[in-house]
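This briefing introduces a protein structure to a reader who has not met it before. The sequence and the model are shown first, and the main features follow by topic.

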Amino acid sequence: MAVFAPLPQPFTYTWPDALGEPATGLRVRVPFGRGQRTGIILGEASSSPDGSIKEVSECLDDAPLYDVRRRSWLERLRQYYLAAPGEAWELALAWADALDSQRYRCPDRQVLADAYPLLATAFPTRAAVNL
């Protein structure tokens, strides 16, 4: 897994059964250091390393955002420019992070109140709905 950080090596995480089936190219949230980071699945490990391995926290996508051909092209580009895997993927998927941050925005609270009155009463302000 390539963690979105300027580190030269990929990392190994376990995949919980509750998240379904893992697939190369899925974005995930993983514990990293004292916090959480976004990463992308590069493949399946052939053997598990010794020691305790942390578990993937959540899967951000239903399907990979890039097909095999585009992932291959990005890998060639990464190697050509000697970029860290996480940096290359973070740059290539910046548009997806921007969409994620806009996905739960509520530009007009009245539209929410008309469509989902119970939800509008549970979250009385626009800021609470966005949160």
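In which helix does arginine 78 lie? Arginine 78 lies in helix H1, and a closer account of that helix is given below. The model described here is a predicted one. The protein has six helices and four strands, and along the sequence these follow the pattern β-β-β-β-α-α-α-α-α-α.

**Overall character**

- The protein has 131 residues, of which 28% count as buried.
- About 9200 Å² of the protein is exposed, and carbon and sulfur atoms supply 55% of that area.
- Among contacts with a separation of 6 or more, 63% are between residues 24 or more positions apart.

**The sheet**

- Four strands form an open sheet in the order S1-S3-S2-S4, with antiparallel pairing.
- Strand S1 (2-3) and strand S4 (58-59) are the edge strands, each of which pairs on one side only.
- Strand S2 (residues 27-32) pairs with S4 in the antiparallel sense over two bridges.
- Valine 28 has cysteine 59, in S4, as its bridge partner.

**Glycine 39 in strand S3**

- Strand S3 spans residues 35-40 and contains glycine 39.
- Glycine 39 has a relative accessible area of 0% and is therefore buried.
- Apart from neighbours within four places in sequence, glycine 39 is in contact with Ala2, Val3, Phe4, Leu26, Arg27 and Val28.
- Glycine 39 is 17 residues from valine 56 in sequence, and their C-alpha atoms are 9.6 Å apart in space.

**Nonpolar cores**

- The largest nonpolar core has ten residues: Met1, Val3, Ala5, Tyr13, Trp15, Leu26, Val28, Val30, Ile41 and Val56.
- A second, separate core has eight residues, among them Ile40, Tyr66, Trp89 and Leu93.
- Tyrosine 13 belongs to the largest core; beyond neighbours within four places in sequence, tyrosine 13 is in contact with Met1, Val3, Val30, Pro31, Phe32, Ile53, Lys54, Glu55 and Val56.

**Helix H1**

- Helix H1 covers residues 68-80, 13 residues in all.
- From its first C-alpha to its last, H1 reaches 18 Å, close to the 18 Å expected at 1.5 Å a residue.
- Arg71, Leu74 and Arg78 are the buried residues of H1. They lie on the same side of H1 because they cover an arc of only 60 degrees around the axis.
- Arg69, Arg76 and Tyr80 are exposed on the other side of H1.
- Helix H2 (85-92) is what the buried residues of H1 pack against.
- Just after H1, leucine 82 has a positive phi of about 55 degrees.

**Arginine 78**

- Is arginine 78 buried or exposed? Arginine 78 has a relative accessible area of 17%; residues under 20% count as buried, so arginine 78 is buried.
- Outside its neighbours within four places in sequence, arginine 78 is in contact with Ala83, Ala84, Pro85 and Ala88.

Terms used. Residues are numbered from 1 along each chain as its sequence is written. This is a predicted model: local features need pLDDT of at least 70, side-chain atom pairs count only at pLDDT 80 or more; totals for chains, interfaces and linings use all residues. Side-chain values use heavy atoms; hydrogens and water are left out. Buried means under 20% relative accessible area, exposed over 50%, partly exposed in between (1.4 Å probe, protein chains only). Contact means heavy atoms within 4.5 Å. Accessible areas come from the Shrake-Rupley method with a 1.4 Å probe; for residues, only the protein chains shown count as cover. The expected span of a helix is 1.5 Å times one less than its number of residues. The arc is that of the directions from the helix axis to the C-beta atoms. A nonpolar core is a set of buried Ala, Val, Leu, Ile, Met, Phe, Trp, Tyr and Cys residues joined through side-chain atoms within 4.5 Å. Two strands pair if DSSP finds at least two bridges between them.
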